[in-house]
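Good morning, and thank you for joining. I would ask everyone to look at the sequence and the model before I begin.

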Amino acid sequence: MLLPDRPVDDRYLSQDDRIAIAEGLRAGRTAAVIAEEIGKHRSTVYREISRGRGGPEDTYNPWWSHNQAILRRRRPKQEKLRVNTELRAFVNDKLKQRWSPQQIARHLARNHPGKATISACPETIYRALYNGLLDKCTARLRTRRTRRKKQRRGIPSKNAIPNMRPVHT
């Protein structure tokens, strides 16, 4: 059995929750009743039951299900552009030609549909660019920005003109 490296958040199902689901199913209770008993939403329990059906009998197996959940949760993943040198070279080349990350991502999606290894979303390209995975000298954005601009959501900007008064009073 795989054990998690760190404690799991309360919103995730624990091994005990999964065992309670299995016992509830053997007792003939519905998923909604089981969800109420363990304090989770019923859609979480329905999803867990459908995912956790493994083995020859096609019944819910809590230990197999818990191991699968831990495997799905495994992080951090390797960065796609760090691992795939072909993809990194292609993105570098397009950035040198002054393509935007959105254009590159769209081009990859259109020319290689269904191939997860040869696709990248714009955010992946931005992160690779800002983290130094791509050529600093030649591969850059059209704005020539090499670092991410700070987002100031919800914070009002200062007026460009101090003590500004409206024209119509």
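Of the 169 residues in the protein chain, 27% count as buried, where buried means under 20% relative accessible area, exposed means over 50%, and partly exposed lies in between, with a 1.4 Å probe and protein chains only. Please note that this is a predicted model, in which local features need pLDDT of at least 70 and side-chain atom pairs count only at pLDDT 80 or more, while totals for chains, interfaces and linings use all residues. Residues are numbered from 1 along each chain as its sequence is written, and side-chain values use heavy atoms, with hydrogens and water left out.

Let me turn to the overall layout. The chain has eight helices and two strands; these are DSSP runs numbered from the N terminus, helices being H or I with at least four residues and strands being E with at least two. Along the sequence, the order is α-α-α-β-β-α-α-α-α-α. As for contacts, meaning heavy atoms within 4.5 Å, we may consider those between residues at least 6 apart in sequence: 51% of them join residues at least 24 apart.

I begin with helix H1, which covers residues 15-26 and includes Asp 17. What is the nearest side chain of opposite charge to this buried Asp 17? It is Lys 40, 4.1 Å away, and Asp 17 has no salt bridge. A salt bridge here requires a side-chain nitrogen of Lys or Arg within 4 Å of a carboxyl oxygen of Asp or Glu. For charge, Lys and Arg count as positive and Asp and Glu as negative, while His and the chain ends are not counted. Setting aside neighbours within four places in sequence, Asp 17 touches Tyr 12, Ile 38 and Lys 40.

Ala 22 also has its place in helix H1. Ala 22 counts as buried because its relative accessibility is 5%. Beyond its neighbours within four places in sequence, Ala 22 is in contact with Tyr 60 and Pro 62. Ala 22 and Tyr 60 are 38 residues apart along the chain, and their C-alpha atoms are separated by 6.3 Å.

Next comes a pair of helices. Two packed helices are described by the angle between their axes and the distance between the axes. Helix H2, residues 31-38, packs against helix H3, residues 42-51, at an angle of about 115°, and their axes are 8 Å apart. The axes are lines fitted to C-alpha atoms, for helices over the stretch in contact, and the angles run from 0 to 180 degrees between N-to-C directions. Which residues make this contact? H2 contributes Ala 31, Ala 32, Ile 34, Ala 35 and Ile 38, and H3 contributes Arg 42, Val 45, Tyr 46 and Ile 49. These residues divide into eight nonpolar, no polar and one charged. In this grouping, Ala, Val, Leu, Ile, Met, Phe, Trp, Tyr, Cys and Pro count as nonpolar, Asp, Glu, Lys and Arg as charged, and the others, Gly among them, as polar.

Arg 47 is in helix H3 as well. Arg 47 counts as partly exposed because its relative accessibility is 42%. Arg 47 and Ala 31 are 16 residues apart in sequence and 9.8 Å apart in space, C-alpha to C-alpha.

I now come to charge pairs. Side chains of opposite charge can pair when their charged atoms come close. How many salt bridges does the count give? It comes to four. One of them joins Glu 37 and Arg 29, with the closest N and O atoms 3.3 Å apart. Glu 37 is partly exposed at a relative accessible area of 48%, and Arg 29 is partly exposed at 34%. In another, Glu 79 pairs with Arg 82, and the closest N and O atoms are 2.7 Å apart.

A further salt bridge, between Arg 127 and Glu 123, has its closest N and O atoms 3.3 Å apart. Both residues lie in helix H8, four residues apart, about one turn of the helix. Arg 127 is exposed, at 53% relative accessible area, whereas Glu 123 is partly exposed, at 32%.

I close with the rest of helix H8, residues 122-130, where Ile 125, Ala 128, Leu 129 and Tyr 130 are buried. Their cover includes helix H5 (80-83), helix H6 (85-96) and helix H7 (101-111). After H8 comes Gly 132, whose phi is positive, near 85°.
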